[in-house]
Amino acid sequence: MASITSLGIGSGLDIESLIGKLVAVERTPITALKKVESSLQTKLSTYGKMQSALSTLRDAAATLARAGTWQATTGVSSDAAAVGVTTGAATLPGSWAVQVQRLASVQSNATGVYPSADALVGEGTLHIELGSWGADGSSFTPQAGRGVVDISVGPPAQSLAQLRDKINASNAGVVASVLTDAAGARLVLRSAATGEANGFRVGVTDADGHNSDGLGLSALAFDPSAGILTMAQALAAANAAATLNGLPVSSASNTLGNVIDGLTLSLNKVTAAPVQVDARPDAESMRKAIDGFVTAYNDLNKLIAEQTKYDAASKTAGTLQGDSAAVAMRSRLRSLLGESSGTSASFGRLADVGFDVQSDGSIKLDQTKLANGLANLPELRKLFAHDDPLGDANDGIATRLRALADQFLGIDGSLSTRQDGLRARIERNQDRQAQLEDRIAMTEKRLRAQYTALDRQMASLTSLSGYVTQQMKTWSSNKGN
């Protein structure tokens with residue numbers, strides 16, 4: 001008897017198809033479970049979107065609840081080209097008259113004229129020291145904590161360009177450059193930073209033994225306190241000098257940082273008359289914070305409305321249609337917008353400063369009312385940002401909303417509870433699917449074993465039937481003879 005290599009050969013039945021259909025029937029519960037899982041995953045994803053939108057609203061409310069938001073100032077100058085102004089977090093509104101008598105400058109010295117940048121200067125050692133010069137140049141006070149920087153030059157003798165590079169690589173506090181014009185080339189030294197404390201003197205130990213004769217390396221010598229003026233000074237190091245409301249102020253740079261409670265002045269040129277600088281309430285940044293809150297609220301309101309609605313015309317429901325947690329959150333947030341606050345004597349509700357709640361729950365700003373609110377910042381700040389240590393009843397609206405959002409977003413909040421519940425249901429669903437998959441695999445294995453046995457049995461019977469038929473034919477043939 002030939003061996004059976006495939007189910008159905010022995011019996012003539014399409015057993016593979018039959019087993020496939022039986023297994024498909026067994027998979028019907030899994031198909032239903034997968035459909036439920038898909039629905040749960042969609043709800044979980046929607047809650048994730050709500051959580052993200054609520055977090056954005058919480059952050060926007062927190063911005064409005066910060067006192068610093070309502071204390072922000074911006075700097076305004078009547079002549080920004082002469083005096084620029086910026087404000088900091090500590091700057092209070094105010095006005096100042098600034099007059100610039102002198103800008104901060106660097107010390108700048110230059111050698112005599114050489115034929116070119118390749119002309120040789122000499123060799124020896126330069127001694128560069130930073131410090132302050134006396135009013136008449138007869139005294140020099142070195143910078144505290146900074147010593148003399150020695151720069152070896154040659155041998156062989158160095159050119160202007162080579163000497164420039166050596167000085168710049170020495171970190172001596174001066175910057176060297178070669179100035180070339182129709183007359184020739186000169187080596188120019190200038191302080192790396194402005195201010196009278198960044199002046200410098202240059203001593204020379206010349207290889208030719210003469211340190212101040214103006215020949216060789218001594219052409220760079222500069223020390224008025226010792227009567228050495230070989231290198232000419234084109235500009236003296238000086239502090240900026242100005243008056244602020246008539247009071248003299250000085251700075252090593254042309255930026256007067258934190259000159260008054262975070263106020264920073266940029267001195268750009270000497271002024272013949274005072275320049276008016278103001279620190280004014282930054283209404284633009286406050287309006288931006290309000291707009292950010294409104295946008296965040298409207299985005300969350302729209303998301304919840306879309307996910308909880310039922311469209312009777314198309315007979316389709318949102319993912320969270322009928323979900324009590326989502327509906328309750330939207331209702332509570334909308335209710336809070338209409339609550340009154342006793343923190344401000346001028347504004348009792350958000351509607352008083354232009355927050356008009358529309359029929360769909362969204363906020364539309366009345367710009368006229370909002371402008372009136374911004375014109376009374378102390379009271380507007382109370383309406384939004386007041387934080388009463390004695391109880392929530394006297395908190396500002398933004399403070400309340402931030403706290404409410406924290407409740408929703410907290411570990412025990414409704415959003416977290418719903419998400420945890422959905423995750424647990426998804427996990428149970430997936431466990432049940434896995435159990436059914438195991439059962440189906442066992443069922444398929446059992447069916448294959450049964451049908452394999454049946455196929456063999458029927459193949460054996462078919463073979464026996466053929467043998468009996470053949471014997472009967474043989475018997476009948478023999479009987480006829």
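K315 is exposed, at 66% relative accessibility. The cut-off for that class is over 50%, so K315 qualifies. The residue sits in the loop between β17 (310-311) and β18 (316-317). Its phi is positive, about 55°, although K315 is not a glycine. These values come from a predicted model.

**A second positive phi**

N245 also departs from the usual sign: its phi is near 55°, a positive value in a residue other than glycine. N245 belongs to the loop between β12 (240-244) and β13 (247-251). Is N245 buried, partly exposed or exposed? Its relative accessibility is 45%, so N245 counts as partly exposed.

**Around the end of α5**

Helix α5 covers residues 283-308, and Q307 lies in it. Q307 is buried, at 17% relative accessibility. Buried means under 20%, so the value of Q307 falls within that class. Which residues does Q307 touch, beyond those up to four places away in sequence? They are T46, G318, T319, L320 and Q321. With T319 there is also a polar contact, side chain to side chain, at 3.2 Å.

K309 is in the loop between α5 and β17. K309 is partly exposed, with 48% relative accessibility. Setting aside neighbours within four places in sequence, K309 contacts T316, A317, G318 and Q321. G318 is thus a contact of Q307 and of K309. Q321 likewise appears in the contacts of Q307 and in those of K309.

Two long distances start from this region. Q307 and V100 are 207 residues apart in sequence, and their C-alpha atoms are 63 Å apart. K309 and L189 are 120 residues apart in sequence, with 77 Å between their C-alpha atoms.

**T111 and S132, before and within β5**

T111 lies in the loop between β4 (108-110) and β5. T111 is buried, with a relative accessible area of 5%. Not counting residues up to four places away in sequence, T111 touches R186, L187, A219, L220 and M231.

S132 is found in strand β5 itself, residues 120-133. Its relative accessible area is 23%, so S132 is partly exposed. Where does the chain come back to S132? The C-alpha atom of G195, 63 residues apart along the chain, is 8.9 Å from that of S132. Beyond the neighbours within four places in sequence, S132 is in contact with S139, F140, T141, E196 and A197. E196 offers a polar partner too: its backbone oxygen lies 3.4 Å from a polar atom of the S132 side chain.

**Accessibility side by side**

| Residue | Relative accessibility | Class |
|---|---|---|
| T111 | 5% | buried |
| Q307 | 17% | buried |
| S132 | 23% | partly exposed |
| N245 | 45% | partly exposed |
| K309 | 48% | partly exposed |
| K315 | 66% | exposed |

**Cis peptides in β7**

Where do cis peptide bonds involve P155? One joins G154 and P155, with omega about -10°. Another joins P155 and P156, with omega about 0°. P155 is found in strand β7, residues 149-159. P156 has its place in β7 as well.

**The whole protein**

How many helices and strands does the protein have? The secondary structure comes to 10 helices and 20 strands. The radius of gyration is 45 Å, whereas a compact globule of 481 residues would have a value near 23 Å. Along the principal axes, the C-alpha trace spans about 155 × 80 × 40 Å.

Buried residues make up 38% of the 481 residues. The protein exposes about 25,300 Å², and carbon and sulfur atoms supply 52% of that area. What share of the contacts with a separation of 6 or more links residues 24 or more positions apart? The share is 70%.

The protein has 44 positive and 46 negative charges. The mean positions of the two sets are 15 Å apart.

Definitions and conventions
Residues are numbered from 1 along each chain as its sequence is written. Side-chain values use heavy atoms; hydrogens and water are left out. Helices (H or I, at least four residues) and strands (E, at least two) are DSSP runs, numbered from the N terminus. The radius of gyration is taken over C-alpha atoms; the globule rule is 2.2 Å times the number of residues to the power 0.38. Buried means under 20% relative accessible area, exposed over 50%, partly exposed in between (1.4 Å probe, protein chains only). Contact means heavy atoms within 4.5 Å. Accessible areas come from the Shrake-Rupley method with a 1.4 Å probe; for residues, only the protein chains shown count as cover. Lys and Arg count as positive and Asp and Glu as negative; His and the chain ends are not counted. The place of a charge is taken as NZ of Lys, CZ of Arg, CG of Asp or CD of Glu. A polar contact is a pair of N or O atoms within 3.5 Å; within protein, one must be able to donate a hydrogen and the other to accept it, and residues adjacent in sequence count only if both atoms are side-chain atoms.
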